[in-house]
Amino acid sequence: MSLHICVLFLVLVFVPSLNSAPPPNLTKDYYQKTCPDFSKIVRETVTPKQGQQPTTAAGTLRLFFHDCFMEGCDASVLIATNSFNKAERDDDLNESLPGDAFDIVTRIKTALELSCPGVVSCADILAQATRDLVTMVGGPFYEVKLGRKDGFESKAHKVKGNLPLANQSVPDMLSIFKKNGFTLKELVALSGGHTIGFSHCKEFSNRIFPKVDPELNPKFAGVLKDLCKNFETNKTMAAFLDPVTPGKFDNMYFKNLKRGLGLLASDHILFKDSSTRPFVELYANNQTAFFEDFARAMEKLGTVGVKGEKDGEVRRRCDHFNNLNV
C-alpha cells in the first residue's frame, strides 16, 4: 500500500516449486526459548513508528505481499543492490515501496540484535510486524507462525510477471495468485488490503488523462485530476486507495467500489467483473466475513515459499546477505 501506496497484496499455501528443500515446520512459539521477548520488542517498536508515520501499516503490508509473491516469504525484497547484483527492490515495479516499511524492519532488527543476536530472521520480523500493524489500524488479528529463514537470492529481473499490476484484468491477476496457491475469493479478500494506503498518480493516470473513465465517480475524478495535474514532473503525487476512511482498516474499500470510487483499474474491475463481483458485494455488506477471509488469507500468505535451515540463513543485517559477495 503508501500515502504513497499503490498497494497491495496477497497469497497462499506452500508451493513446492519455490523450495528445493522441504518447507520448515513453522510454529507459534519458535522463539520462546531463544528470544522470549521477540513479540514484545516487535510490538513496542511498531507502536511509536505507526504513531509518528500513519502510513507505516499500509506500506509494511504492501512490502510483505511483494516479498512473499517473489520466491516466497524470505525477506529477499529487503536486500539492497550492490556491485555484484541488482536486487528485487530496485526493479521498476518495486520502486515505490515505501521507505517507512523498510525502516520499521531495520528498527526491529536492531533492537532484537541487542536482545538476542543472530537469532531472529528478517523474514519473521516482516511477517510479525505486518500483523501487528494491521491490527493497530483496526484490522483483524491473525496467527503468525514463525521459523522462516532469510533467502540467499534477490534478483530484480525475476520480479516482472510475479506481481499484479494496477491495470490488469481479473484473469491476469488470478494467474499470478494461482501460481502461489490462491483462489479467486482469496484474491478479492487480499485486495481488501487497499482499504489503507495510497497509490502514486502514474498508476491510475490513464483513468483521468486525457479523458476521464466514465465509470469513475465524477466528483472523485475531478479531485484526482486536480491532485495529479503535475504528476509527470512531481512523481511523488499520490491519492488514497480508500478516499473515505484511508487510515482505518475496514470494509469501506469494497463499499467504494460499488460507487465508482475504486482508484486503480485493478480495483474497479473487481466490481465490474461478474466472477469477482459477488465477493465484493459480500464484503461490502459484511465486514466480519471480510475480516475472517482476510485473516485466513494472510495466514496462508505467510507460508508461501518459506525457507528452512538448508536454504536460508538469519541475516545480521536485513539489507545484506551474510556473504556479501552473493
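These are my notebook entries on the disulfides, the nonpolar cores, a pair of helices and one methionine in a predicted model.

**Disulfides**

I began with the cysteines and looked for sulfur pairs, and the count came to four disulfides. Numbering the bonded cysteines along the chain, I wrote down the pattern as 1-4, 2-3, 5-8, 6-7.

I then took Cys-35, whose disulfide partner is Cys-116, with an S to S distance of 1.9 Å. This pair links distant parts of the chain, since Cys-35 sits in the segment before α1 (38-52) and Cys-116 in the loop between α3 (99-115) and α4, 81 residues apart. I checked the accessibility of both ends: Cys-35 has a relative accessibility of 2% and therefore counts as buried, and Cys-116, with a relative accessible area of 6%, is buried too.

Next I looked up Cys-68 and Cys-73, which form a disulfide with their sulfur atoms 2.0 Å apart. The angle about the S-S bond is 120°, and I noted the link of Cys-68 and Cys-73 as right-handed. Both Cys-68 and Cys-73 are buried.

The last pair I followed was Cys-122 and Cys-318, joined by a disulfide at an S to S distance of 2.1 Å. Here I read -95° about the S-S bond, and the link of Cys-122 and Cys-318 is left-handed. Cys-122 belongs to helix α4 and Cys-318 to the segment after α11 (287-301), so this disulfide ties together parts that lie 196 residues apart in sequence. Cys-122 is buried with a relative accessible area of 0%, and Cys-318 is buried with one of 7%.

**Helices α2 and α11**

Cys-68 turned up again when I looked at helix α2 (residues 56-69), where Cys-68 is one of the residues in contact with α11. I found that the axes of α2 and α11 come within 11 Å and cross at roughly 50°. An angle of that size makes α2 oblique to α11. From α2 the contact is made by Leu-61, Phe-64, Phe-65, Cys-68 and Phe-69, and from α11 by Phe-294, Met-298 and Leu-301. Sorting the contact of α2 with α11 by class, I counted eight nonpolar residues, no polar ones and no charged ones. For background, I note that in soluble globular proteins nonpolar side chains tend to be buried together.

**Nonpolar cores**

Which residues touch the most other members of the largest nonpolar core? In this core of 74 residues they are Leu-78, Leu-112, Phe-249, Phe-254, Leu-270 and Leu-301. I also found a second, separate core of 15 residues, which includes Ile-208, Leu-216, Cys-228 and Phe-231.

Leu-270 led me to helix α9 (residues 265-272), whose buried residues are Ser-266, Asp-267, His-268, Leu-270 and Phe-271. I asked myself which helices the buried residues of α9 pack against. The buried residues of α9 pack against α5 (170-179), α6 (184-191), α8 (252-257) and α10 (277-285).

**Met-136**

I finished with Met-136, which lies in helix α4 (residues 122-136). Is Met-136 buried, exposed or partly exposed? Its relative accessibility is 35%, so I entered Met-136 as partly exposed. Leaving aside residues up to four places away in sequence, I found that Met-136 touches Val-46, Thr-47 and Gln-50. For reference, I took the C-alpha to C-alpha distance from Met-136 to Leu-78, which is 23 Å in space for a pair 58 residues apart in sequence.

Note on methods
Residues numbered from 1 in each chain as written. Predicted model: local features only at pLDDT ≥ 70, side-chain atom pairs only at ≥ 80, totals over all residues. Heavy atoms only, no water. Core = buried A, V, L, I, M, F, W, Y, C linked by side-chain atoms within 4.5 Å. Buried < 20%, exposed > 50% of the residue type's maximum accessible area, 1.4 Å probe, protein only. Helix = DSSP H or I, 4+ residues; strand = E, 2+ residues; numbered from the N terminus. Contact = heavy atoms within 4.5 Å. Disulfide = S-S within 2.5 Å. Axes fitted to C-alpha atoms, helices over the stretch in contact; angles between N-to-C directions. Parallel < 35°, antiparallel > 145°, perpendicular 65-115°, else oblique. Nonpolar A, V, L, I, M, F, W, Y, C, P; charged D, E, K, R; others polar.
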